Structure formats: structure tokens, C-alpha cells
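This report covers a pair of helices and two loop residues. The structure comes first, followed by the description.

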Amino acid sequence: MNSHLNDILNKSSLTKADIVYLLKLNNPSDLDLLFQQAVNIRNEYCGAKVFFRGLIEISNICRKNCLYCGIRIENKAIVRYDISEKEIIDTAFSAWDNGLASIVLQSGERTDKVFIHKIIRCLQAISDYTQHKMRITLSLGEQKKETYKLWKEAGADAYLLRIETSDSDLFRKIHPDNRLHRFEDRLRALEHLKEIGFQVGTGVMIGLPFQSIESLADDLIFIQNLDADMAGMGPYLEHQETPLFLWRNHLTDVNERLLLTLKMYAILRILMKDINIASTTATDAISSSGRLKGILAGANVIMPDITPEKYLGKYTIYPNKPVSKLTLRKVLEKAETMVKTSGCEPVLADRGDPVHYLLKSL
Ligand code: 5AD
Ligand code: SF4
């Protein structure tokens, strides 16, 4: 029996030192205790449920050049694609017709008018078809406040924008030093999203070169101070066609990064009991049961990829991204079976808005 661990798990709020202690746990029985506590809290505050989000990766065109990402503008080794408005809308309709009440539109960052208005028309069409009942999340990068407003008015409910790391020095190390990649701008964008009334999600990459355990503890405190409604965090996976690949010798083993990711999920659940936490696809790139492990560490959202088949496998932000050439129905059935093995109920037909957001807006 680890009495220090028990003391921490019984506290009503955690200090940074407590979080660092939890992130360093390694003994299997200690880890079991941490994960079980996170699961109990999730079940009490959010229900023993896992909400489904159909993820449509609408384009891998990006204006940015993040040093870690496989779809950065300077990676000439990939084929770029941009799904047509009709295909996006048809995919969303088909998700709705298959019983999915929540989707995510994700792409590289574009800020031109053509793109902004294409998104507006997609949002309007999906909202009309589903009588505003489908929950639409956007993950389209940093935009002007005005653009966020237009998208909210057109029917978007939630927005995911990762801070990537809350450590401004580390942020500078993993991004080019130019006006497109400013830590302060990312912070401002998150504030704008909150002001507009979006359900806001953020998150970080875990296991980056030069990233310390203390820095990860600060990331969790950052997410808490932002009062985020949702979190999406995943292991960093080095991509050969990116500058950060040079630092691969500084990385820990991928399984270490996966374990650290699971600890981040569990600790965030303890810190923020009623938010939505995604068990992200990057965990599945390390272990075929990565997402399942995430659910068993307190996550309550999964995002099955429902991108149309001809574009599947082209959104290569990191290597070995799992793709499944199954039909939409089969993708959902497979994910439902996986969720059931965790003891949670798979929820497709519910919007699954974060309890945290619903309580704030009362
Ligand atoms: N490994 C893991 N995650 C990555 N992302 C980008 N590149 C990588 C990588 N090499 C994540 C970032 C970004 C999201 C779209 O994908 O966190 O916000
Ligand atoms: Fe573009 Fe996002 Fe990749 Fe950066 S992380 S290059 S903004 S898709």
C-alpha cells in the first residue's frame, strides 16, 4: 500500500508537486489505483459512457510549418487533397443517417476567404439537414475572432485548438520563429473562442524532445486554468519528413510515451472531473489497444475516422496513422465493440456535450 499515493488521491485539490509525483508513478499497482480513481470519477460525473465523434479530415493543406508535423507546408513528399463541399456534406449526412449525432471537421490551417465560406456553407447545410441537432466540432487552427464568430453563427458548437505545449520556450523550439507561429497568438485564439461561447477544447503533445515531467504538469494546470470543456492529448510521434526528426535520439521509447499519455488522461480527469477527454487516435498508432487503454484511464470520447475512403491515409500528421478501409457502419460497429470491452456504454445518438460546459451555461 502506497500511503503517499493514497493521500494525494484523497485530496480535494492537487499541487504541482502532487501532479509530478503522479506522472512519475511506475509501479503497476500504483498505476492501477490511479487509473481506477480516474474511471470512478468519470463514471460519477459524466456517466460510464464513451461519446463518439465522426472525424472528417477535410484537407491536408496547411499554411503552417510546425517542425513536428507531417503535413507542414514545406513537406513536399505528400500528396495534398481538399475534399469538396458536396463530399463533406454527404459524409456528414451519412454519419447522421447512421445514427451519429456528433462530428468533427478537421484540416490543416487555411485562412483564405474561399475556405472560410466553404466551411460556413457546410455548417449551414449540416445544421439544416439535422435541424441543428448534430453537434459540430471544428478543428481548423488559428483564425481571426471574426471568422470564429461566423462559424459559430453558421452552426458550429465546439472548437479544438491545441496549445501543443504550455511552455513558451518549448513552443518556440518546436515551431519556426516567424509571425505565423506565435505562442501569444495561440493563447489569444483560445480566449477568443471562449468569449464567443464555443465549447473549447485544447491539449498538448506528450513525449516531445526537451519536454520535462514538470512541463507536462504545467500543461495540466494550464488546461485547468483555461477552464477548458474538452481535452485532446496524444503522444508525440516523430515523422521522418520533419525537422524535429533530427532530435529522435532524445525521445523516450514509444511505450513510455503511451504510458505517460495515459497518466495525463487520468490526472486531468482527477483535476477536471466533468470535462470531455478524448482517447486519441495517436495512442492507437503505438498499440492496437491504445484507445481502449485511454478509456480505462478515464477518457470518455473517441473519434472514429469517417473520412471518405479515397482520402483515407493522406492526413499524415504522424507516421503509422491507423486507417481502416471498412464502411462507415463497420467502423462504428468495431469501435462500439471496443468500447463495450471497457465496461462503458458506447454513445452515438447523443450529442455528448461536456457536462462542464452545460453546468457553466446554466
Ligand atoms: N505526433 C503527434 N501529434 C502530432 N500532431 C501534429 N504532428 C504530430 C506528431 N508528429 C498533432 C498536433 C496538432 C494535431 C492536429 O496533431 O497536436 O494539433
Ligand atoms: Fe498545420 Fe496543424 Fe500540422 Fe501545424 S500541426 S503544420 S498547423 S496541421
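## Helix contact and loop residues

In this predicted model, the axes of helix H3 (residues 28-46) and helix H10 (residues 254-271) come within 9 Å and cross at roughly 45°. H3 and H10 therefore count as oblique to each other (angles under 35 degrees are roughly parallel, over 145 roughly antiparallel, 65 to 115 roughly perpendicular, and the rest oblique). The crossing of H3 past H10 is left-handed.

On the H3 side, the contact (heavy atoms within 4.5 Å) is made by Leu31, Leu34, Phe35, Gln37, Ala38, Ile41, Arg42 and Cys46. H10 contributes Leu259, Leu262, Lys263, Ala266, Ile267, Arg269 and Ile270. Of the residues in this contact, 11 are nonpolar, one is polar and three are charged.

Most residues other than glycine have a negative phi. Two residues with a positive phi are listed here.

| Residue | Phi | Relative accessibility |
|---|---|---|
| Phenylalanine 210 | near 70° | 37% |
| Asparagine 320 | near 55° | 64% |

Phenylalanine 210 is in the loop between strand S7 (205-206) and helix H9 (213-226), and counts as partly exposed. Asparagine 320 lies in the loop between strand S10 (301-302) and helix H13 (328-341), and counts as exposed. Here buried means under 20% relative accessible area, exposed over 50%, and partly exposed in between (1.4 Å probe, protein chains only).

Residues are numbered from 1 along each chain as its sequence is written, with chains lettered from A and ligands numbered from 1 in the order in which they are written. Local features need pLDDT of at least 70, side-chain atom pairs count only at pLDDT 80 or more, and totals for chains, interfaces and linings use all residues, while side-chain values use heavy atoms, with hydrogens and water left out.

Note on methods. Axes fitted to C-alpha atoms, helices over the stretch in contact; angles between N-to-C directions. Helix = DSSP H or I, 4+ residues; strand = E, 2+ residues; numbered from the N terminus. Left-handed = near helix turned anticlockwise from the far one by under 90°. Nonpolar A, V, L, I, M, F, W, Y, C, P; charged D, E, K, R; others polar.
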